[in-house]
Amino acid sequence: MYPYLFNPPDPTDLRHMQQALEVARAGEGHTAPNPAVGCVLAHGDMVVGQGFHPRAGAPHAEVFALEQAGAAARGATAYVTLEPCSHFGRTPPCADALIRAGVARVVMAALDPDPRVAGRGAARLQEAGIRVEVGLLEAQALRQQAGFRTRVTLGRPRVTFKYAMTLDGKVAALSGDSRWVSSPASRERVHRLRARLGAVAVGSGTVLADDPRLSARLPGEPERALRPVIFDRRGRTPAAAQALRSEAVVISAPEADLSHLEASAATLLRAGSLEEALGGLGALGFNDLLLEGGPTLAAAFLEAGLIDEVQVAIAPKLLGAGLSPLSGPLRARMSEALELPEPRWETVGPDLWVSADLSAVPA
Ligand code: AOF
Ligand code: ZN
């Protein structure tokens, strides 16, 4: 409807949109249920303002960029990684703010799938006489907004399954010891992934065995609390578990006895299936979920077809007997194996990382 007009893309447009995507990254992991969004305002090469959406409830990216630009917004081009909103939510419509500021042209990477917006932001801008173009660096934007778009279109968070294994395919020794499979460089990458996705899921077995903090720890940065999600069908999580913070969610079967957790700060959710559990998390505003452990929970997600992305670190180590990353499902023939489409291969320190998207990101 409003295609981006230049093919190949104009280098100045490309640079500013790249910067908008880069600026948006500062909000990653903090904005759920909203997406991370970035905005750059420029006259030709000269940037006059930029901003990002820091967290839900705070002003949107465009507002910060307009504030910075002041009167210089008049006649400028706005580069936004998502269609400016047209609705009164927790904040007033950004499309109106751009119109009022006298912006001449708006280039957006992708339209907003939120039914409250869904093209109305672009239409409003165009009706006000502003040039509107959509689709510049769209693939990058869809990837950055993948969790948000999954929640809006499917009503559940996007699930990234992550594990580290030895070259002979083991995630832990038979004793359960797994410290550490992968290198420090890989573990830093895991913490970056945690920080970007903002929510980590584990099974109650992992909580009982390791009592994990479920935080993101990156060099030179303060420890960052994530939203822990504990899949605990039978209600085995101890009341003193470190992960039971106010942002935590414990998901149990409808009949589980949770009386020992009722005084905890965590949200207790009842669900009869994984689908129902993820729907509950979607309703709580989860865009993403990093599935970290262990093999039983991961197998259940795989069986239910609820894994959207895999991220695997392979360490150059041979262990011998040990635990496999997946305790199922049982498949009799190799031809029944799930084949990952278009896998990406990278080295991180001494380790090999394989990642793949199993589901297309909704546009
Ligand atoms: C934008 N710029 O930076 C973001 C947008 O509850 P609210 O008012 O914050 O609205 C949330 C919705 O606004 C969200 O679902 C998505 O459609 C849009 N997010 N829009 O113009 C932004 N974060
Ligand atoms: Zn907005």
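I'll take you through a ligand shell, one helix and one sheet in this structure. Keep in mind that this is a predicted model.

Start with ligand 1. Its surroundings comprise 18 residues. Val-37, His-53, His-60, Gly-89 and Asp-114 are the closest. What is the make-up of that shell by class? Nonpolar residues number 9, polar ones 5, and charged ones 4.

Next, helix H4, residues 120-127. Which of its residues are buried? Gly-121, Ala-122, Arg-124 and Leu-125. Those four sit on the same side of H4, because the arc they cover around the axis is only 160°. The general rule helps here. An α-helix makes a turn every 3.6 residues, so positions three or four apart point the same way.

What do the buried residues of H4 pack against? One helix, H3 at 94-101, and two strands, E4 at 105-108 and E5 at 131-134. Just past the end of H4 comes Gly-129, with a positive phi of about 90°.

Now the sheet. It is open, with 9 strands and mixed pairing. Reading across, the order is E13-E12-E11-E8-E14-E6-E15-E18-E17. E13, residues 267-270, and E17, residues 344-348, are the edge strands. Each has a single partner strand, so one side of each has no neighbour in the sheet. From one strand to the next, the twist averages 20°.

Finally, a look at the E17 edge. E17 pairs with E18, residues 351-357, through 5 bridges, and the sense is antiparallel. Where does Arg-344 find its bridge partner? In E18, at Ser-355.

Methods. Residues are numbered from 1 along each chain as its sequence is written. Chains are lettered from A and ligands numbered from 1 in the order in which they are written. This is a predicted model: local features need pLDDT of at least 70, side-chain atom pairs count only at pLDDT 80 or more; totals for chains, interfaces and linings use all residues. A residue is near a molecule or strand if its C-beta atom, placed from the backbone, lies within 6 Å of it. Ala, Val, Leu, Ile, Met, Phe, Trp, Tyr, Cys and Pro count as nonpolar, Asp, Glu, Lys and Arg as charged, and the others, Gly among them, as polar. A residue is buried if 20 or more other C-beta atoms lie within 10 Å of its own, exposed if 12 or fewer, and partly exposed in between; C-beta atoms are placed from the backbone. The arc is that of the directions from the helix axis to the C-beta atoms. Two residues are in contact if their C-beta atoms, placed from the backbone, lie within 7 Å. Two strands pair if DSSP finds at least two bridges between them. Axes are lines fitted to C-alpha atoms, for helices over the stretch in contact, and angles run from 0 to 180 degrees between N-to-C directions.
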